[in-house]
Structure formats: structure tokens, C-alpha cells
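Colleague: Please take a close look at the side chains of this structure and explain, in one connected account, where they sit and how they meet. I should prefer the reasoning to be set out step by step.

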Amino acid sequence: MLSPTLNTHKPLFLSSSNNKPFSSPFLSQQPLFILHLSKTPFKPTKTLSVSATRIPSSPPPANQQLYQPFRPPPSPVPSQYRSLDAPSRLEILANRLGLWYEYAPLIPTLFQEGFTPPSIEEATGISGVEQNRLVVGAQVRGSLVQSNTDPEIVASFDLGGAELLYEIRLLSATQRSAAARYIVLNKMDAKGAQDLARAMKDFPRRRGDTFWESFDYVLPGDCLSFMYYRQSREHKNPSESRTNALQMALEVAESEKAKSAILKELEGGGEMKERAEGETADGVRVPVVRLKIGEVAEATSVVVLPVCRSEDGERKIVEAPWECKGQGEFGVVVAEKAWERWVVLPGWEPVLGLGRGGVAVAFPDARVLPWKANRWYKEESILVVADRGSKEVKADDGFYLVTLDGAGGDFKVERGSALKERNVVECLGTVLLVVRPPRYETDDQLSDEDWE
């Protein structure tokens, strides 16, 4: 049977090889209890003790507070409203007592107490849309104050500024400050603020587009100017719509470099634009545009086209539906026949008036285009929109959709002059537009602290 025995208390002396007692500053006369296991029944015995001096530890500073109590973040509700009950807060909202950014934080506190947007609207007359606009606008205003924006600029939004600040909600803190200043100095309305915010958000995604380097990213006016410049490229050259868009771009541009680029575009009729993309010097009449992320959803009108692949051959492009239009009060899209592949594009001018015969051909890259290849030509797929109702090869500087090696070959885009040299008088369709895909870069996405 195993039983623990407790040894007697005897001083422990440690000695070295020369039989001299060993001493250490770490040893003291504190008893040490050692537990042994033995087969004999348990008997109380003497204890053996060894003591060691404790390593002294420095006492904590007298003023140091080891426990830090929880401090909640400051309440966004102004101090004069914090002690009010729910009926009093509803009364303030109903009567608009105070500035909008002062009573806007009362809305989330009512949500926490079980109110819903419809119930708040019923009690105060503030619609759910306006509630959201007030709350978000107050948050944006708070971020402007925290980023040390000019107090005079911030004060400009004290009266009816919620709608304007709401439009710049998705910008970073730095962009918000610059956008707010630009909105105040140019006396922009809500629609103008919305366009400005979209232009600033979209500008970094357009890296690589024509003249992109001529515009300054940190200047809101240059971002807005570049948006108008892009819109000008969606119109025919020359045309009044294109000229108007370029003039708007010139009016809002801030940097001299951007103004110079737009002036060259106005005076040169688009020749510099075409050469900047690496195209031939004799001019390209077909617009080359990049589809913007979300552009279809924001468009007031759209075009639905059947899609053929570059390797489908002539038979497929002839079989594709010739007409697709909206019918009824809801604009239900109805095609004359079933088809596997469709694309929805914004109602750009080159394709908006397209009636029967429109088709889009998907190419894996842009090397099928008959002008000087640029770097992006090998990296991006494209859509070529053609009018099958216009098959005659007329203009030397026009572009036409044809097939290689007969009816069974792949599609290709050829210049009119090259086709006339081979005595080709008819094609599959006249090319109206070349569409580049949207970009999904993440290098300019907002970080978590930039979002409200």
C-alpha cells in the first residue's frame, strides 16, 4: 500500500566539493515541505525545510490605476435631447425643432426603442426616405467635422444640407472634404452633387483610358470633367451633342493640363483621341467605349441585343433574332425567336436608334480590329455591335463585319478600303460600336474606416 509520509523538519545544508557549506542570497529560512510516496502506512514524521529569499519586485506606482472602467463612445445625440422621452423626441421631429443635423440622431434612438420607419412617419410626417437621408447626412457632416474641414464649408450645409451630404456618402473622408468644398463653391444642387460623387468614385477605375493621365484625381472638378469627356466619346464626331459635352468638361476642369487636353479635343475633332489609343492616323469613325459598372442599371434607356461568338460563323449571325422590343406598360422584352445569349447595353446614341438587325459579336480580344494594336487589345475581350440591315460596303473609312475563309470562318472587322481592294461589296453588317468590359479593380475601394 502506498501512503504519503511527511518528513521531519531538518535544516538542509548544501555543500560543494570542498565540504564547505553552500550559501546563496536566494536561500532563506522558509520551510519547504517535500511529499514522499512509500509503502508503509501513513505516519506523521518530521519535516525537512528549505527556505529561499523572494526576489524583490518593484511596487506599482502609487498613481497607477490598474482597473480602467469602460467608457462608452460619446452619444451622437446633442446634450439637450438626451434626457427626453420618446414622445418628446417625436414632438421635436414633428415640429423640426432645431437644425436638421441636431435632431437627425433622434431617429436611431427611436429605432432602438422599437419604432419603425412607418410608425415614425405616421407620428412626425418624415418619410422613410427622408429619415434615411437625415441620418446618413448627419453622419457625413460629422465626418467632415472630424476631418478638420473648413468650419465655413461645414456651416454651409446647416440649412437643408442633408440631401447634398447624402450624395457624397460613399466617398472616403478625404474625398468628402474636397467634394463638400466643391459643392459649396459651385452652388451645386443634389443632382450635381450626385454626378460629382459618381465621377470621383469612378475616376480611378478608368485608369488606362484615353487622356486619363491629363486629369488630376485629387481635384473634384477634374474628375467631373473626365466624366463629361467620356460622355462626349459616346456621340458621333462631329456632332452637337459631342461638342456640348466637351464644353461642359472644359467649364468644370480645374487643372491646366485637363483644360489643355479638352481644348485639343475640341479643336482637333477627335484625332488626338484616336491616335492616343494607338489607332491609325487616317481616323476611326467607330466609338470605342468602356462599359461602367452599374451603368446599365442607371441608364434611362437600354438596348437588348442577341450575341454571337466570334467562332459561330455566318450561319449563326443570320439566324440571330432581328428584332427585340419592349411591349406593354411594363416594357416586357419580346423577341421574335428564342436565343441563347443576350446582352443589355445603355442607350448610347450609336445604338439607340438601331431598329431591326442589331447584333453583338463577342471576341476574346481586340486584335481583330483593323487598326494598330495597343497593349489592352490582347488583355481584354470586346463586344462589336453591328447593324445587319446595312450590308453594303460604302465608306472607305468605315468598318464592316466579315468572315474569314468563307461562310464557315471566324468573324473579323475590316476597313472599307481594304474590302474594296478585294472587290468585296457586301458584308455581314456595318460596325457601329466597340464595347470594352467594365473593370473590377479593388485598389481604390474604401477601407472600413472610410464607410459610414
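Modeller: Helices and strands are taken here as DSSP runs, of at least four residues for a helix (H or I) and at least two for a strand (E), and they are numbered from the N terminus. The model is a predicted one.

I begin at the surface. Strand 8 comprises residues 332-335, and Val 334 has its place there. Together with Phe 330 and Val 332, Val 334 makes a nonpolar surface patch of about 330 Å². The relative accessible area of Val 334 is 35%, so this residue is partly exposed. Membership of such a patch requires over 30% relative accessible area.

The aromatic side chains come next. The structure holds eight aromatic pairs. One of them joins Phe 203 to Phe 226 in an edge-to-face arrangement, with 5.3 Å from centre to centre and 80 degrees between the planes. Phe 203 belongs to the loop between helix 9 (190-202) and helix 10 (220-232), whereas Phe 226 belongs to helix 10; the pair therefore ties together parts that are 23 residues apart in sequence. Residues under 20% relative accessible area count as buried. Phe 203, at 2% relative accessibility, is therefore buried, and Phe 226 is buried as well, with a relative accessible area of 3%. Both residues belong to one aromatic cluster, which also takes in Phe 211, Trp 212, Phe 215, Tyr 217 and Tyr 229.

Aromatic rings also meet charged side chains. Arg 141 lies over the face of Tyr 101, at 3.6 Å from the ring centre. In a second case, Arg 169 is placed over the face of Tyr 166, and here the distance from the ring centre is 4.1 Å.

I turn now to the salt bridges. With a side-chain nitrogen of Lys or Arg required within 4 Å of a carboxyl oxygen of Asp or Glu, the count comes to 14 salt bridges. Among them is the bridge between the side chains of Glu 113 and Arg 89, at 2.4 Å from N to O. Glu 113 is found in the loop between helix 3 (106-112) and helix 4 (117-124), and Arg 89 in helix 1 (residues 86-95), so this bridge ties together parts that are 24 residues apart in sequence. The partners differ in their surroundings: Glu 113 counts as partly exposed at 46% relative accessibility, while Arg 89 counts as buried at 8%.

Another bridge lies within one helix. Lys 191 and Asp 195 meet at 2.9 Å, N to O. These residues are four apart in helix 9, so about one helical turn separates Lys 191 from Asp 195. Lys 191 is partly exposed, at 48% relative accessibility, but Asp 195 is buried, with a relative accessible area of 15%.

A further bridge links Asp 396 to Lys 420, whose closest N and O atoms are 2.9 Å apart. Because Asp 396 lies in the loop between strand 11 (382-387) and strand 12 (399-403) and Lys 420 lies in helix 17 (residues 416-421), the pair ties together parts that are 24 residues apart in sequence. Asp 396 is partly exposed at 43% relative accessibility, and Lys 420 is partly exposed at 36%. Finally, Arg 290, Glu 380 and Arg 436 are joined into one network by salt bridges that share partners.

Notes: Residues numbered from 1 in each chain as written. Predicted model: local features only at pLDDT ≥ 70, side-chain atom pairs only at ≥ 80, totals over all residues. Heavy atoms only, no water. Patch = residues over 30% accessible without salt bridge, like charges linked within 9 Å, V, L, I, M, F, W, Y side chains within 5 Å. Areas by Shrake-Rupley, 256 points an atom, 1.4 Å probe, with all protein chains shown as cover. Buried < 20%, exposed > 50% of the residue type's maximum accessible area, 1.4 Å probe, protein only. Phe/Tyr/Trp six-rings, centres within 6.5 Å; stacked < 30°, edge-to-face > 60°. Lys NZ or Arg CZ within 6 Å of the ring centre and 35° of its normal.
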